[in-house]
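Q: Could you take a close look at one helix here and walk me through how it sits in the rest of the protein?

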Amino acid sequence: MYQFEKADRKLLGAQIEEELMNYIRSEPLEIGQKLPNEFELAEKFGVGRSTVREAVRGLASRGILEVRRGSGTYVKSTQTQDDDPLGLSRLQDKYKLALELFDVRLMLEPKIASLAAEYAGTEDKIQLERLCDETEQLYLGGKNHIPKDIEFHTCIARCSKNRVVETLVPVINTAVLTFANLTHRMLMQETIQTHRAIVNAITGHDPVGAECAMVMHLTYNRQALLKQWREHRGQGMPYDGK
């Protein structure tokens with residue numbers, strides 16, 4: 001009997017851990033933001049406080065949460081190891097990481113978009129348009145658009161029909177998520193417009209147009225990130241890559 005009860009408690013703890021992870025993402029909670037207290041979370045999930053503590057410990061061990069004694073529990077990352085197989089989320093300076101990821105994205109994604117415009121098939125184009133529409137609807141509705149945004153960029157990579165490019169998808173996904181966590185809806189209109197321009201160029205088999213649209217999309221994003229980074233570290237500080 002004891003063994004079964006222990007197993008049930010373990011299963012419940014794992015379930016609440018995943019529900020807490022979903023809660024962090026769906027709000028979405030930003031890195032550095034404080035979670036509701038233990039009592040509030042227990043009421044929210046309909047479980048005891050000991051189960052919440054177990055879930056928090058689990059997410060802390062995965063690098064998602066940080067428990068500060070006497071202060072509370074804070075979001076440290078929104079990526080699990082499955083989301084981030086390269087382990088980039090463990091790097092502490094998120095702004096520096098995001099800017100370095102943009103360097104890589106600018107090397108890769110414009111050309112990937114160009115290849116997508118050249119090789120995307122009919123089904124690819126239908127899927128890409130659907131993902132663009134769904135991302136836009138979530139954005140405009142004030143809902144968490146980030147997972148769908150990641151799907152959108154993943155679809156572009158797959159449209160390139162280059163198997164090596166597909167192995168680079170985790171880098172792109174990490175970059176999209178890191179940027180979104182730091183800037184949180186700063187560029188809604190620009191994102192919607194440039195996403196649409198990328199899709200129109202790809203579906204219109206316009207490789208040069210797709211490459212230019214992707215450069216524009218990434219440039220808007222990078223400028224917004226630099227603005228946020230300067231406000232974070234102090235006005236007027238140029239980014240020197242260090």
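A: Helix α10 covers residues 207-233, so 27 residues in all, with helices (H or I, at least four residues) and strands (E, at least two) taken as DSSP runs numbered from the N terminus. From first C-alpha to last, α10 reaches 39 Å, close to the 39 Å expected at 1.5 Å a residue, where the expected span is 1.5 Å times one less than the number of residues. Keep in mind that this is a predicted model, where local features need pLDDT of at least 70, side-chain atom pairs count only at pLDDT 80 or more, and totals for chains, interfaces and linings use all residues. Residues are numbered from 1 along each chain as its sequence is written, and side-chain values use heavy atoms, with hydrogens and water left out.

Now for what α10 tucks away. Its buried residues are A210, A213, M214, H217, L218, N221, A224, L225, L226, Q228 and W229 (buried means under 20% relative accessible area, with a 1.4 Å probe and protein chains only). Those buried residues pack against α4 (94-119), α6 (146-159), α8 (169-183) and α9 (188-203).

Zooming out, the protein has ten helices and two strands, and along the sequence they run α-α-α-β-β-α-α-α-α-α-α-α. Of its 242 residues, 44% are buried. Among contacts (heavy atoms within 4.5 Å) with a separation of 6 or more, 69% join residues 24 or more positions apart.

Technical notes: Buried means under 20% relative accessible area, exposed over 50%, partly exposed in between (1.4 Å probe, protein chains only).
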